[in-house]
Every structure is written in C-alpha cells, then in structure tokens.
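Biologist: I've got this model open and I'd like to learn how to read it. Could you walk me through it, starting with the overall layout?

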Amino acid sequence: MPRYDFRCRSCGATFELRRPMSQSGAPAVCPEGHEDTVKLLSTVAVTGTASGGAAAAPSGGGGGCCGGGCCG
C-alpha cells in the first residue's frame, strides 16, 4: 500500500499515512486532530536490479553525441 506524506497547516506537524491509491486525494487529519492538512510531494528512489546484483555498464560504442565515435 502506498505511503503519502502530509503536513498540518495548524501545528506544522508532518506525518505519513498508508492508504490505497484510490484514496490518495482524500483529506487527512493530523495526529493532533487538526483537519487543515496538505499532501506533500514525495520522491521515491528505486535502486538495484531485478536480480539484486549490480548493474553492468554498457559495453561498446564510442563517445560523442550519437555514440558512434564519429564526433570524438
């Protein structure tokens, strides 16, 4: 279930809620009971590969803008 971060405009507290995506835009009440909250933009970092190993660097090619080695 996705996690959504919120900030209370009344007391300034930040908190998170786990809820279905279908309820992502629903109002949230802060832990102190205030209803004037705003959903924060969250960033998600995904690293690694499906196999869990390190990703290999691409092989071949050259430099330059097109990777063909013609541009130096």
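Modeller: Sure. Start at the N terminus and list the elements in order: here they run β-β-β. That makes three strands and zero helices. Keep in mind that this is a predicted model.

Biologist: Which strands does strand 1 join, and how do they run?

Modeller: For pairing, look at the bridges between strands. Strand 1 (residues 3-8) is joined to strand 2 (residues 14-18) by five bridges, and the two run antiparallel. Strand 1 also has three bridges to strand 3 (residues 37-39), again antiparallel. Arginine 7 shows both pairings: its bridge partner in strand 2 is threonine 14, and in strand 3 it is valine 38.

Biologist: What lies between strand 1 and strand 2?

Modeller: Five residues, and the two strands form a hairpin. Check the backbone angles in the turn: glycine 12 has a positive phi of about 85°.

Biologist: Which residues make up the largest nonpolar core?

Modeller: Look for buried nonpolar side chains that are joined to one another, where buried means under 20% relative accessible area. Here the largest such core has six residues: Tyr4, Phe6, Cys8, Phe15, Ala28 and Cys30. Strand 1 gives the largest share, three residues. Try selecting phenylalanine 6: leaving out residues up to four places away in sequence, its contacts include Phe15, Leu17, Ala28, Val38 and Leu40.

Biologist: How much of the chain counts as buried?

Modeller: 12% of its 72 residues. As for the surface, the accessible area is about 5600 Å², with 52% belonging to carbon and sulfur atoms.

Methods: Residues are numbered from 1 along each chain as its sequence is written. This is a predicted model: local features need pLDDT of at least 70, side-chain atom pairs count only at pLDDT 80 or more; totals for chains, interfaces and linings use all residues. Side-chain values use heavy atoms; hydrogens and water are left out. Two strands pair if DSSP finds at least two bridges between them. Helices (H or I, at least four residues) and strands (E, at least two) are DSSP runs, numbered from the N terminus. A nonpolar core is a set of buried Ala, Val, Leu, Ile, Met, Phe, Trp, Tyr and Cys residues joined through side-chain atoms within 4.5 Å. Buried means under 20% relative accessible area, exposed over 50%, partly exposed in between (1.4 Å probe, protein chains only). Contact means heavy atoms within 4.5 Å. Accessible areas come from the Shrake-Rupley method with a 1.4 Å probe; for residues, only the protein chains shown count as cover.
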